[in-house]
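Work through the exercises below with the sequence and the structure open. Each task is followed by a solution in steps.

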Amino acid sequence: MKTIDHYAVFGSPIKHSKSPRIHNLFATQTNQTLDYVAHEVNAEQFITAVTDFFAQGGKGLNCTVPLKELAWLNASHRTERAESAKAVNTLILQADGLILGDNTDGVGLVTDLIVNNSVELKNKRILILGAGGATRGILAPLLNEKPACITVANRTVSKAIQLPLEFNHRFQGCSFDQLDGQNFDVILNATSASLSDELPPLPQNLLTENGVCYDLAYGNKPTAFVRWGQLQNASKSLDGLGMLVEQAAEAFLLWRGVRPKTREIIELLNAERPL
Ligand code: NDP
């Protein structure tokens, strides 16, 4: 009889997480015998919950809000991309019993932009709104694509100013006010404003003609930022559902050694959204 390998996502709130559905679809598609469930775990419960999960035979974990930094702190060792992000979204039990921490958010975003949506990043002027954990995770993979420049704008400007110091000044940080008079080919919303249907204060003419807008957040309806992009006549104004599936596929590859075909899963999840 085949034994079942156990995986889970920890976070809070976690009720609406699409990760169990995505990973179970991956398992069916790739003929893998596993289960993947969501557990409500807050920061105080994190260490006990992770210890118990692996002690009971768990093979791998995803960690989401507000646990990514804690996962980074508590992993036995970490990949280079997790180290530069200072955040871990995937924990992998290794053969030696140690827990490896990785961050698949950045590669998930870049794959969704370039492969799924044919958005060019090379030589483009990129603006990232927000300077939280998601921004930390996407910066190194975006820099690898050799854009013309990256600017990070944040409500708490000190965070946007601090971030370039950690990345050898390979981009600049500023306040939302300082965006006035500038324009960008690709604008990525990595604030959590969309989760409360809000929009960062953005000046007019921020997006170049044929520019692209991408909200890392996603929902059943277009987010406030996706709607803003449409009003700016963006050539594409996308949300983060594709990134969610792509970062999950990278985690699945790390755990199972096989990368699921993501296009059909993204199409299925898109079709399930109400019109
Ligand atoms: P954090 O809590 O670490 O950071 C939140 C950021 O949003 C901060 O920069 C904060 O600014 C800013 N912010 C919050 N509210 C507002 C507002 N009303 N106006 C302007 N700025 C605001 O969150 P994460 O970085 O982890 O996540 C950010 C977003 O990315 C979330 O929507 C999350 O769902 C999404 N995400 C999507 C993924 C996917 O797979 N699609 C993966 C990872 C994240 P300040 O510093 O001033 O507080």
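**Exercise 1: helix α6**

α6 is followed by Lys146, whose phi is positive, near 55°. Helices here are DSSP runs (H or I, at least four residues), numbered from the N terminus. The model is predicted: local features need pLDDT of at least 70, side-chain atom pairs count only at pLDDT 80 or more, and totals for chains, interfaces and linings use all residues. Residues are numbered from 1 along each chain as its sequence is written, and side-chain values use heavy atoms, with hydrogens and water left out.

Task: Find how many of the 12 residues of α6 are buried (under 20% relative accessible area, 1.4 Å probe, protein chains only).

Solution.
1. The buried residues of α6 include Thr135, Arg136, Gly137, Ile138 and Leu139.
2. Ala140, Pro141, Leu142 and Leu143 are buried in α6 as well.
3. The count is 9 of 12, so α6 is mostly covered.

**Exercise 2: the ligand**

Task: State which elements give two or more residues to the shell around the ligand, and where the ligand lies relative to the two domains.

Solution.
1. Start with oxygen atoms of the ligand: one is 2.5 Å from a side-chain N or O atom of Thr156, and one is 3.0 Å from a backbone N or O atom of Gly133.
2. The elements are α6 (133-144) and α9 (241-256).
3. α9 gives the most, with 3 residues.
4. Domain 1 (5-103 + 242-271) and domain 2 (106-239), with bounds from an automatic or database assignment, both give residues to the shell, so the ligand lies between them.

Technical notes:
A polar contact is a pair of N or O atoms within 3.5 Å; within protein, one must be able to donate a hydrogen and the other to accept it, and residues adjacent in sequence count only if both atoms are side-chain atoms. Buried means under 20% relative accessible area, exposed over 50%, partly exposed in between (1.4 Å probe, protein chains only).
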